[in-house]
Amino acid sequence: MITTAEKVLFLKGIELFSAIPSADLVGVALVTEEVEHRAGEVLMREGEIANTLYLILEGTVIVTKGERVLAELGEREVVGEMALLDAAPRSATVSAATDVSTLELHRDPFEQIMSDRPEIGRGIIKVLTQRLRTSSALTPEAVERRSTVG
Ligand code: CMP
């Protein structure tokens, strides 16, 4: 089982929390819970109403929307943050591609952390921007455009 000190070290290495001093991350560490997912397990399903996000400690997950694979996410990445940010249903389905170990964080403490530490907002913007860039680059239309331009 992961200790609080190990959780703090892990959180410090995550983009979302990197700007927050380690001393303040102890509070975050204490409200997270380690959760294991077996390969093939669905962590979250598109359309579900949800109140948790996961920080990936180890392993890989696949993000799909219908038949389309949107992304593969791994160690030190966050998944499930969108439903917490806009209170809308899950935007995609996330499944464990390997055995996956995560830290689970619930909506209330997440909102508390965001109001205590506005730096998190910058981290979230960075994560969402990177995902938008990647998914824009991967749309079939973009691939088609690239192959016909020039
Ligand atoms: P949420 O909408 O709560 O549930 C599904 C999650 O999949 C979503 O939060 C993000 O964490 C993740 N996700 C959705 N779309 C993408 C994408 N294009 N790239 C990476 N991750 C995504």
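This briefing describes the ligand site and the pocket that holds the ligand. The structure is a predicted model, in which local features need pLDDT of at least 70, side-chain atom pairs count only at pLDDT 80 or more, and totals for chains, interfaces and linings use all residues. Residues are numbered from 1 along each chain as its sequence is written, and side-chain values use heavy atoms, with hydrogens and water left out.

**Ligand shell**

- The ligand is surrounded by 16 residues, of which Gly80, Glu81, Ala83, Arg90 and Ser91 come nearest (near: a heavy atom within 4 Å).
- By class, this shell comprises 10 nonpolar, three polar and three charged residues (Ala, Val, Leu, Ile, Met, Phe, Trp, Tyr, Cys and Pro count as nonpolar, Asp, Glu, Lys and Arg as charged, and the others, Gly among them, as polar).

**Polar contacts and cover**

- A polar backbone atom of glycine 80 is 2.8 Å from an oxygen atom of the ligand (polar contact: a pair of N or O atoms within 3.5 Å).
- Side-chain contacts come from glutamate 81, with an N or O atom 2.7 Å from a ligand oxygen, and from serine 91, with a polar atom 2.7 Å from a ligand oxygen.
- Of the 450 Å² of accessible area that the ligand has on its own, the protein covers 94% (Shrake-Rupley method, 1.4 Å probe).

**Largest pocket**

- The ligand takes up the space of the largest pocket (on a 1 Å grid over the protein atoms alone, an open set of points where a 1.4 Å probe fits, with protein on both sides within 12 Å along at least five of seven lines; lining residues have an atom within 4 Å of a point).
- Among the 30 lining residues, Ala71, Leu73, Glu81, Met82 and Arg131 lie nearest the pocket centre.
- Helix 5 gives the most to this lining, with seven residues (helix: a DSSP run of H or I, at least four residues).
- The lining has 16 nonpolar, five polar and nine charged residues.

Note on methods. Polar contact = N/O pair within 3.5 Å; in protein donor to acceptor, adjacent residues only side chain to side chain. Sits in = over half its atoms within 2 Å of the grid points. Helix = DSSP H or I, 4+ residues; strand = E, 2+ residues; numbered from the N terminus.
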